[in-house]
Each structure stands twice: as C-alpha cells, then as structure tokens.
Amino acid sequence: MVGLSLYPPPPPPPGGRRSPRSRDETGIHIEVDELTSVYYNTTRGIVALACRYKPSGGNERTSSESTAVSWLTPEVSERMAEVYAIRLLDALDGAGPHTRSHDGKHLIPAG
C-alpha cells in the first residue's frame, strides 16, 4: 500500500516516527517509507516534498479534516490534474526520488 504526503513540514527519515496528523485525519497509523519526490512550484515559489508511507495499524475513518479515506491505484491519475497525478505516479514507480518543476497547473520539462 502507498500513502502520499503532499504538505510540509518535511517528513522524518525512512523508518521514522508515526504521523499523528495522518492518524487524526484518517484513523490510520503510518510510518515513513521513503522520499519519493521533490516538486517546485515556479509560480508560487513553493517546494513540496512527497513521501511514500506504509500503514502500521488503526482503522479507516473520516474526520472534520477529511471527507474520504482510500487507497489509490495508477488509474485514478487519469482523473487528476497533471501536477497531482505525477505525484501519485512517482510514488508508485519506486524509482525516486524524482525532482520536478511546475507552474501550478502543468509540468515544466526538465532542462
């Protein structure tokens, strides 16, 4: 199973502590597996780190900060904006960490 974090602060190193935020929002206890990507939004000057997580317990549930809990597959990326779809695909391919830039809507080709 793959979980993906798209918000700061930077995650702990692989095998690091469980995330209370994820548990509070989804009911799932997680452990950091690895950094999968670094994304730079050139329009807003924001760097986002994405990590793969693995579940280590808990029970799925929603909260006041979440509307659904689900495990995603590559096919769901077809319904996502390009800059979000690539984050899921990067996390699933196991070939990271990737580094990518975008303008908030579209990827910017490297180099």
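**Close-up views of a predicted β-α-β-β-α-β-β model**

**View 1. Strands S2 and S4 run parallel, joined by five bridges****.** S4 covers residues 98-102, and strands here are DSSP E runs of at least two residues, while helices are H or I runs of at least four, both numbered from the N terminus. Two strands count as paired if DSSP finds at least two bridges between them. Look for tyrosine 39, whose bridge partner in S4 is arginine 100, and for tyrosine 40, which stands opposite serine 101. This is a predicted model, in which local features need pLDDT of at least 70 and side-chain atom pairs count only at pLDDT 80 or more, whereas totals for chains, interfaces and linings use all residues. Residues are numbered from 1 along each chain as its sequence is written, and side-chain values use heavy atoms, leaving out hydrogens and water.

**View 2. S2 meets S3 in an antiparallel hairpin****.** Twelve bridges link S2 (residues 28-41) with S3. One place to zoom in is valine 38, bridged to leucine 49 of S3. Four residues lie between the two strands, and glycine 45 in the turn has a positive phi of about 70°.

**View 3. S4 and S5 form a hairpin of their own****.** These strands pair in the antiparallel sense over two bridges, with S5 spanning residues 107-108. Serine 101 faces isoleucine 108 of S5 as well as tyrosine 40. Again four residues separate the strands, and glycine 104 in the turn has a positive phi of about 100°.

**View 4. Leu72, Met80 and Tyr84 make a nonpolar surface patch****.** The patch measures about 260 Å², with areas from the Shrake-Rupley method (1.4 Å probe; for residues, only the protein chains shown count as cover). Patch residues have over 30% relative accessible area and no salt bridge; like charges are joined within 9 Å, and nonpolar side chains (Val, Leu, Ile, Met, Phe, Trp, Tyr) within 5 Å. A salt bridge is a side-chain nitrogen of Lys or Arg within 4 Å of a carboxyl oxygen of Asp or Glu. Methionine 80 sits in the loop between S3 (46-58) and helix H2 (82-93). Methionine 80 counts as partly exposed because its relative accessibility is 31%, where buried is under 20%, exposed over 50% and partly exposed in between (1.4 Å probe, protein chains only).

**View 5. Residues 1-9 have pLDDT under 50****.** pLDDT is the predictor's confidence in each residue, from 0 to 100. The model gives this stretch 28 contacts beyond four places in sequence, a contact being heavy atoms within 4.5 Å. Where pLDDT is low, please do not read the predicted coordinates in detail.
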